[in-house]
Amino acid sequence: MLKDSFKILKHKEFRWFVFARFFLTLAIQMQMSTINLQIYYEYSKEEFILGLIGLTEAAPFIVTSFFSGHLADTVNRKKILLAGCIALLIGSLFLWSFSSDVFTWLHGFGMSALFAVVFVFGIIRSFLAVTTAPFMSQIISRELYTQSATWNSTAWHIGSILGPVLAGILYGYNNGLHANWCYGLTCVLFLCAFVCFASIASKPIPIKTKHESFIQSMSVGVKFVFKNKLVLSALSLDLFAVLFGGAVALIPAFTDKILHLGPEAYGLLRTAPAIGAVLMAFYLAVYTPTKRAGISLLIGVGAFGLFTILFAISTNYWMAFVMLLCTGAFDNISVVIRHSILQLSTPDEMRGRVAAVNSIFIGSSNEIGAFESGIAARFLGLVPSIVFGGVMTVLVVLGVHKLNPDLKNLDLTKLE
């Protein structure tokens with residue numbers, strides 16, 4: 001079984017894809033962590049401002065996603081990924097210039113310059129988010145879809161581990177605020193991602209089975225998701241879990257005000273969920289959740305909510321670290337199962353548009369969840385707001401199970 005789980009890594013193009021995914025995620029996580037640290041420590045120690053960063057990215061992401069999903073099904077997907085890497089590289093060069101003494105006049109824009117970059121980043125990310133998974137599905141065969149979801153998740157989470165850690169270490173090195181060092185490194189990482197994607201052969205544009213107008217084309221993904229009760233249930237679980245249970249945006253404030261530590265401590269704490277996710281990913285690579293996928297999905301999201309509550313009441317650094325690690329481990333169960341459901345259930349000619357709906361449900365919910373956490377922290381307080389999010393996540397699991405009791409019997413091997 002262990003040998004079979006590594007079978008997919010013999011595929012040369014998939015290896016390039018995994019490396020590209022890793023470099024891209026590492027750069028994005030490092031860049032966003034640095035922006036959060038800059039805004040919190042250099043401009044405003046307000047939880048609400050941290051939440052506003054998430055909303056600034058989510059709004060353009062949502063607005064653009066339907067068009068980007070249409071584009072991913074009508075344009076060469078490799079070209080979209082390459083263009084996205086170049087756009088992110090240009091954004092990092094701007095951030096490096098802003099945070100260094102190369103162009104001192106940029107300093108006058110203050111925090112608004114960082115928010116402007118986050119806004120543009122949301123647009124770019126919408127194109128990358130809806131193209132990455134469909135492109136991966138063109139690289140490997142159907143019987144390897146669940147394994148590919150596991151390794152794709154592993155690459156993403158390893159990048160998510162190292163990104164915040166590197167950002168925290170470089171930013172706070174020697175008691176300084178070295179954002180320019182962080183942005184300089186992200187430039188190199190985005191270039192590495194570009195090279196890896198460029199090493200994969202272009203894949204054909206999916207053949208459409210029927211003629212559709214532009215408006216009809218963009219609505220296809222929405223109709224597919226809402227007609228498929230299984231897909232809708234899986235997406236809803238992740239949506240509300242991340243929306244209410246995502247305490248990650250408040251970690252800078254939690255580290256400062258509850259644990260009374262600095263940005264170096266933030267880096268390791270911020271990466272704890274990703275460490276847990278990677279550990280779980282290695283387990284799932286060997287013991288793939290196929291036949292008992294439904295019950296595993298419900299348990300995973302429920303446990304995510306429970307450990308979010310335990311994190312909120314932590315007053316010790318390492319206890320907080322372990323609780324966050326557990327949230328990431330159980331969250332990754334739902335990530336792998338959800339990606340497997342989408343890959344196995346979606347025709348290739350509409351993968352981009354369905355991925356767009358998935359991105360709005362899940363991708364933007366991280367940022368909207370950050371905004372919700374910021375507002376809740378302002379009105380309820382830092383710790384009560386995190387407890388509230390965890391409780392709501394558990395209630396959502398109970399609600400979805402009540403509305404769709406057949407979900408617990410989901411078997412991925414029987415999906416067509």
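In this predicted model, Ser68 has a relative accessibility of 0% and therefore counts as buried. Ser68 belongs to helix H3, which runs over residues 47-72. When residues up to four places away in sequence are set aside, Ser68 touches Ser126, Phe127 and Val130. One of these partners also takes part in a polar contact, as the side chain of Ser68 reaches the backbone oxygen of Ser126 at a distance of 3.3 Å. The surroundings of Ser68 thus bring together parts of the chain that are separated in sequence: Ser68 and Arg125 are 57 residues apart along the chain, while their C-alpha atoms are separated by 9.8 Å.

Helix H5 covers residues 111-139. With its 29 residues, H5 reaches 41 Å from its first C-alpha to its last, a span close to the 42 Å that is expected at 1.5 Å a residue. The helix nevertheless contains a kink of about 25°, which is placed at Thr132, shortly before the proline Pro134.

Helix H2, formed by residues 12-43, has 32 residues, and the distance from its first C-alpha to its last is 46 Å, close to the expected 46 Å at 1.5 Å a residue. H2 is mostly covered, since 25 of its 32 residues are buried. Ser33 is found in this helix, and because its relative accessible area of 2% is under 20%, Ser33 counts as buried. A polar atom of the Ser33 side chain lies 2.8 Å from the backbone oxygen of Gln29. In a helix of the α type, there are 3.6 residues a turn, so residues three or four places apart point the same way. Beyond its neighbours within four places in sequence, Ser33 is in contact with Pro164, Ala167 and Tyr266.

A further relation links Ser33 to Pro252, as the C-alpha atoms of these two residues are separated by 9.6 Å although their positions lie 219 residues apart along the chain as a separation in sequence. Pro252 is located in helix H10, and with a relative accessible area of 3% Pro252 is likewise buried. The loop that follows, between helix H10 (251-257) and helix H11 (263-286), contains His260. In contrast to Pro252, which is buried, His260 counts as exposed, with a relative accessibility of 62%. Most residues other than glycine have a negative phi, and most peptide bonds are trans. His260, although it is not a glycine, has a positive phi of about 55°.

The largest nonpolar core of the model has 77 residues, and those with the most contacts inside it are Phe14, Phe17, Leu24, Ile35, Leu88, Phe197 and Leu269. Helix H2 supplies the largest share of this core, namely 16 residues. Another core, of 32 residues, lies apart from the largest one and includes Val225, Ala293, Phe304 and Leu407. In the largest core, Phe14 is one of the residues with the most contacts; leaving aside its neighbours within four places in sequence, Phe14 is in contact with Ile8, Leu9, Met136, Ile139, Ile140, Ser148 and Trp151.

The cysteines were examined for disulfides, and the count comes to 0. Cys85 is in no disulfide, and the nearest cysteine sulfur, that of Cys196, is 9.1 Å away; because a pair of sulfur atoms has to lie within 2.5 Å to be counted, this distance does not qualify. Both Cys85, at 1% relative accessibility, and Cys187, at 11%, count as buried. Cys85 is also among the residues touched by Phe194, together with Leu82 and Ile86, when residues up to four places away in sequence are not counted. Phe194 is found in helix H7, which comprises residues 179-198, and counts as partly exposed, with a relative accessibility of 25%. Phe194 and Gly84 are 110 residues apart in sequence, and their C-alpha atoms are 8.8 Å apart in space.

For the chain as a whole, 15 helices and 0 strands are found. Of its 416 residues, 62% count as buried. Among the contacts in the chain with a separation of 6 or more, residues 24 or more positions apart account for 87%.

Technical notes:
Residues are numbered from 1 along each chain as its sequence is written. This is a predicted model: local features need pLDDT of at least 70, side-chain atom pairs count only at pLDDT 80 or more; totals for chains, interfaces and linings use all residues. Side-chain values use heavy atoms; hydrogens and water are left out. Helices (H or I, at least four residues) and strands (E, at least two) are DSSP runs, numbered from the N terminus. The expected span of a helix is 1.5 Å times one less than its number of residues. The bend at a residue is the angle between axes fitted to the seven residues ending there and the seven starting there. Buried means under 20% relative accessible area, exposed over 50%, partly exposed in between (1.4 Å probe, protein chains only). A polar contact is a pair of N or O atoms within 3.5 Å; within protein, one must be able to donate a hydrogen and the other to accept it, and residues adjacent in sequence count only if both atoms are side-chain atoms. Contact means heavy atoms within 4.5 Å. A nonpolar core is a set of buried Ala, Val, Leu, Ile, Met, Phe, Trp, Tyr and Cys residues joined through side-chain atoms within 4.5 Å.
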